[in-house]
Amino acid sequence: MKKDIILVIGSCGQIGTELTAGLREKYGTLNVIGADKFTDLTDDGPYHQLDVLNMGALADLVRREKVTQIYLLAAMLSASGERNIHAAWQLNMDGLLNVLKVAAAQRLDKVFWPSSIAVFGPSSAKHLCPQEPQSEPNTVYGISKRAGEYWCKYYFEKHNVDVRSIRFPGLISYATKPGGGTTDYAVHIFHEALEKGQYDCFLKEDASLPMMYMKDAVRATLQLMDAPKEKLRIRTSYNLSATNFAPCDLSAEIKKHLPDFTISYNPDYRQAIAEAWPASINDLYARQDWNWEPQFSMQMIVTDMLLNLKKKKEKIKEPQLVHDFPDFPESNSLTTMYY
Ligand code: NAD
């Protein structure tokens with residue numbers, strides 16, 4: 001039987017860090033190759049420095065390592081994308097097209113590429129937004145994701161590339177800091193609550209958005225990639241839902257654990273992005289086609305985040321090298337961060 005060899009592009013990022021670990025648990029460390037634009041000093045498995053925009057290097061790596069599946073996570077997110085519109089378009093579109101071209105040419109088994117709730121826009125339904133709603137994305141990131149969804153469908157239909165996709169909501173994790181999205185507040189708030197007991201939020205208190213814990217996101221990805229091909233009715237990207245909350249709900253829940261915690265609100269340009277997105281998502285197709293069922297409620301997320309961040313801070317007695325992604329991925333660099 002052919003061995004699965006998996007390449008994760010963008011493996012140092014918020015999703016990449018935990019998805020690579022999940023894939024290595026499932027397929028074996030040596031069969032999952034991490035790749036990112038950095039020279040990674042922390043990856044404990046096979047790793048290559050790779051710029052996904054370098055088509056030749058990508059094609060060579062896939063051929064040399066006999067890769068059978070690619071998970072493409074390299075992208076510029078919503079907030080950073082609005083400040084770097086042409087670079088965002090280039091990375092988000094050319095990166096995807098390079099992977100689809102290589103997948104078609106080298107007949108890969110499967111490709112995973114995440115889309116986002118950013119494909120929705122001001123005219124989309126605000127509550128229980130359906131799979132195929134009115135969709136008028138009003139950020140470069142959202143436009144690139146919507147166009148990307150149709151490129152995935154096109155390559156599936158015309159070039160037989162089995163590319164699968166999920167429209168992720170805002171993701172919350174403790175392993176890495178987020179990479180420049182509109183929902184990043186829901187991760188920053190935990191770090192600031194533990195370090196300073198205070199958080200100044202860049203969204204309004206009632207900006208309710210669909211959110212998901214990274215453990216659910218990784219499980220959903222593995223589940224979709226395992227699903228029988230014939231069961232998948234959606235070849236653009238699946239709506240996916242777990243929980244929905246606003247900054248005031250999250251801060252009230254954190255206060256139950258840290259009674260002295262306070263929050264202030266100073267909405268910036270990201271508030272306008274959040275206002276265009278739905279407050280909740282209808283994910284009926286994911287539930288029917290590949291048995292999607294979320295596990296983490298907001299209450300469970302808060303308990304697990306605080307527990308793991310506290311553990312991490314206690315464990316790291318000496319300063320260590322970890323990845324910290326600032327607001328603008330263009331200036332991403334490996335920096336020393338002291339917990
Ligand atoms: P991230 O910014 O944390 O990570 C992206 C990674 O890609 C980084 O490690 C970065 O160094 C790498 N990268 C950037 N340019 C590259 C290049 N040219 N070549 C190789 N690597 C490059 O992003 P993330 O949050 O992990 O998101 C991953 C994917 O999931 C993206 O497509 C994003 O749009 C999507 N998504 C994320 C969220 C979220 O809340 N994090 C929500 C919806 C969708």
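This tour moves from the ligand outward to individual residues that can be selected one after another.

**Before selecting anything**

The model is predicted, so that local features need pLDDT of at least 70 and side-chain atom pairs count only at pLDDT 80 or more, while totals for chains, interfaces and linings use all residues. Residues are numbered from 1 along each chain as its sequence is written, and side-chain values use heavy atoms, with hydrogens and water left out.

**The ligand and its shell**

Select the ligand first, together with the 28 residues around it, of which Q14, I15, D36, D51 and Y141 come nearest; a residue is near a molecule if one of its heavy atoms lies within 4 Å of it. This shell is made up of 16 nonpolar, eight polar and four charged residues, where Ala, Val, Leu, Ile, Met, Phe, Trp, Tyr, Cys and Pro count as nonpolar, Asp, Glu, Lys and Arg as charged, and the others, Gly among them, as polar.

Colouring by secondary structure shows that α1 (14-27), β6 (115-116), α5 (140-159) and β9 (170-172) each supply at least two residues of the shell. Helices (H or I, at least four residues) and strands (E, at least two) are DSSP runs, numbered from the N terminus.

Next, show the atoms at the ligand's edge, beginning with I15, where a polar backbone atom is 2.8 Å from an oxygen atom of the ligand. At D51, a polar side-chain atom lies 2.8 Å from a nitrogen atom of the ligand, and at V52 a backbone N or O atom lies 3.0 Å from a nitrogen atom of the ligand. Taken alone, the ligand exposes 840 Å², and the protein buries 96% of that, with accessible areas coming from the Shrake-Rupley method with a 1.4 Å probe and, for residues, only the protein chains shown counting as cover.

**The loop between β6 and α5**

Three residues to select here are I117, L128 and E132. In what follows, buried means under 20% relative accessible area, exposed over 50%, and partly exposed in between (1.4 Å probe, protein chains only).

I117 counts as buried because its relative accessibility is 2%, and a C-alpha to C-alpha line drawn from I117 to P210 spans 8.3 Å in space, although the two are 93 residues apart in sequence. L128, by contrast, is exposed, with a relative accessible area of 55%, and has a positive phi of about 45° although it is not a glycine. E132 counts as partly exposed, since its relative accessibility is 44%; its C-alpha is 9.0 Å from that of N239, a residue 107 positions apart from it in sequence.

**Past α5 to the next loop**

Move on to N160, which lies in the loop between α5 and β7 (163-164). Its phi is near 60°, a positive value in a residue other than glycine, and at 57% relative accessibility N160 counts as exposed.

**From β9 into α6**

Select T182 in the loop between β9 and α6 (185-195), where a relative accessible area of 1% makes T182 buried. Its side chain makes a polar contact with the side chain of S78 at 2.8 Å; a polar contact is a pair of N or O atoms within 3.5 Å, of which, within protein, one must be able to donate a hydrogen and the other to accept it, and residues adjacent in sequence count only if both atoms are side-chain atoms.

T183 is found in the loop between β9 and α6 as well and is buried, with a relative accessible area of 10%. A C-alpha to C-alpha line from T183 to Q271 spans 9.9 Å, the two residues being 88 residues apart along the chain.

Continuing into α6, highlight its buried residues, which are Y185, A186, V187, I189, F190, H191 and A193. After α6 comes G197, whose phi is positive, near 75°.

**Last stop: α10**

Finally, select D289 in helix α10 (residues 284-290). Is D289 buried or exposed? D289 counts as buried, because its relative accessibility is 7%. To close the tour, display Q223 together with D289: the two are 66 residues apart in sequence and 11 Å apart in space, C-alpha to C-alpha.
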